[in-house]
Amino acid sequence: MQKSIEKLKELTKDVVLLEHAIATLSWDQETYMPPKAIGEKGEQLALLQGILHNKITSPDIGKLLDDLGADDKNPAGKYESKISTDSAYIKETYRQYKIQTRLSEKLVKELALETSLSQAAWIKARKKSDYSIFQPHLEKVLNLTKQKAEAIGYKDTPYDALLDEFEPWTSTKEVADIFQSTQPWLTEFIGKIRNSKQVDDSFILKDFNISKQEVFGRKVLQDMGYSYDRGRLDISVHPFTTTLGRDDVRLTTRYQKDFFKTGLFGIIHECGHGLYELGFGDSVKGNLLASGTSLGIHESQSRTWENVIGRSYSFWKYYYPELQKYFPENLTNISLDDFYKGINKVEPSLIRVEADEVTYNLHIILRFELEQELISGALSVKDLPEAWNSKTRDFFGIIPPNDANGVLQDIHWPMGAFGYFPTYALGNLYSAQFSSVMEKEIDVNGSLEKGSLINVLDWLRDKIHIHGASKTASELALDITGEKLNPEYFKKYLENKYKQIYNV
Ligand code: ZN
């Protein structure tokens, strides 16, 4: 049996290499590729993706998984290996093999075609704020997505199969229970904040010199422990992080006059993702387990750096005097206290990507509820804008003036990525839960006040990064905090922080 596992690892090695090659082409496409190169780039990507599909679904892998006893009931197989990560290896290979073998070539091709048409229609629809342009495409994508869920299979609801692609081994019911207990609390908490004196963040909108933004941003990245020996920072339209190799994890950003939301906190966020990918330990490095264990856990890393660390008072106690030297014209007259309050302003808003950390999860719960109804058939694509607007009114007390600022704002549904949204909110919840333990085990604030971010990185590496996907999200939460995901940590985190800012 040990031989079968070794053989499995050997066969899946190419899968990882191919994934990194595909990531290299995609990175090029988003950054430096000249516009006319798009045609052949598409062919190259399609070719590699086809080879990748054949690799992961090869009969040899199927036979080995069979020998090891892996099936839907026992995805980790029935063999107890002496190497602790082996059962996780079988489980992850089985998960990928199962998804890839159950989707027919016809369905995969149809999904690729329809989602690319629907993204093009969505761009047009959003520009004109005209949902009717997008509606027939979403109907097709939704229909194919339902077929995909049926083909993969699920325990309770088709949504389980879709969620599993992004948040493996977590059920729809678990997520729904957690969100249901968070939503009324959040709505009430936001109501309290709305009734208190609003903070002034007008300095954020001032014009911040772009080359200085870059120098300051790169300094923070370096302090966080990101090294250009194993990565790069480049510019792209939509910031992202991607892994091109064991020792090559790249970040992108965009620079605008508005330095904070999209600039600095954006880079810190992406670097949080990057440090996770760079921190995989030797037992998983370069193999199928060298990946984030779920998108929720991935997002917990970026959010910890962006919000828990990057928007903390202690962090700015060290960095603010430095920042004032970079931008004296904008910040000389703004005190540290006012700056801290400004970057943590809470305000119900229409756009998810611009939302603060308090209102953010409500944007996600709204999408999670709607997409479940779409998948179950309780809501029709035609009635989606109305449902969107009425939920926005219930959750935030505001109604979108048009569909561009409402139902058409995100790319996930046009891409067919149903089941993706909840991972953002799970990230915030995991982040608060892990951070509460981190703060007990190391002197986080003391380190931040001295400008030392490495203690934080070391803790995250040791507890989370090193394991890659060899532990599931729930296993990580259990091992680190002694319990499964519990939204109470998030509530406590927000209460402690915003008590000081808003007196609530
Ligand atoms: Zn992220």
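**A sheet, a zinc site and a helix pair**

Strand 2 and strand 3, the latter covering residues 248–253, run antiparallel to each other and are joined over four bridges. The model in which this pairing appears is a predicted one. Within the pair, Thr242 stands opposite Arg250, a residue of strand 3. The two strands belong to an open sheet of three strands, arranged in the order 1-3-2 and with mixed pairing. Strand 1 (233–235) and strand 2 (241–245) form the edges of this sheet, each of them pairing on one side only. On average, and with direction ignored, neighbouring strands of the sheet are turned by 35° against each other.

Two helices lie across this sheet. Helix 1, made of residues 2–30, lies across strand 1, strand 2 and strand 3, and its direction makes an angle of about 135° with strand 2. Helix 10, made of residues 259–278, likewise lies across strand 1, strand 2 and strand 3, running at about 165° to strand 3.

Helix 10 also leads to the metal site. The zinc ion has His269 and His273, each through NE2, and Glu299, through OE, as its protein donors, and these lie 2.1 to 2.3 Å from the ion. Along the chain the donors follow the spacing H-x3-H-x25-E. Because His269 lies in helix 10 whereas Glu299 lies in helix 11 (residues 295–309), the pair ties together parts of the protein that are 30 residues apart in sequence. As a general point, an α-helix has 3.6 residues a turn, so residues three or four places apart point the same way. Both His269 and Glu299 are buried, that is, each has under 20% relative accessible area.

Further along the chain, another part of the model is a packed pair of helices. The axes of helix 15 (residues 360–376) and helix 17 come within 8 Å and cross at roughly 140°, and the crossing in which helix 15 passes helix 17 is left-handed. On the side of helix 15, the residues that meet helix 17 are Tyr360, Asn361, Ile364, Phe368 and Glu371, and their counterparts in helix 17 are Pro422, Tyr424, Ala425, Asn428 and Leu429.

Helix 17 itself can be checked for its length and its surroundings. With 1.5 Å allowed for each residue, its 20 residues (422–441) should span 28 Å, and the end C-alpha atoms are in fact 29 Å apart, so the expected and computed spans agree. Helix 17 is also mostly covered, with 17 of its 20 residues buried.

Notes
Residues are numbered from 1 along each chain as its sequence is written. This is a predicted model: local features need pLDDT of at least 70, side-chain atom pairs count only at pLDDT 80 or more; totals for chains, interfaces and linings use all residues. Side-chain values use heavy atoms; hydrogens and water are left out. The expected span of a helix is 1.5 Å times one less than its number of residues. Buried means under 20% relative accessible area, exposed over 50%, partly exposed in between (1.4 Å probe, protein chains only). Two strands pair if DSSP finds at least two bridges between them. Axes are lines fitted to C-alpha atoms, for helices over the stretch in contact, and angles run from 0 to 180 degrees between N-to-C directions. Contact means heavy atoms within 4.5 Å. Donors are N, O and S atoms within 2.8 Å of the metal (3.2 Å for Na, K and Ca); water is not among the atoms, so sites may look incomplete. A crossing is left-handed if the near helix is turned anticlockwise from the far one by less than a right angle, and right-handed if clockwise.
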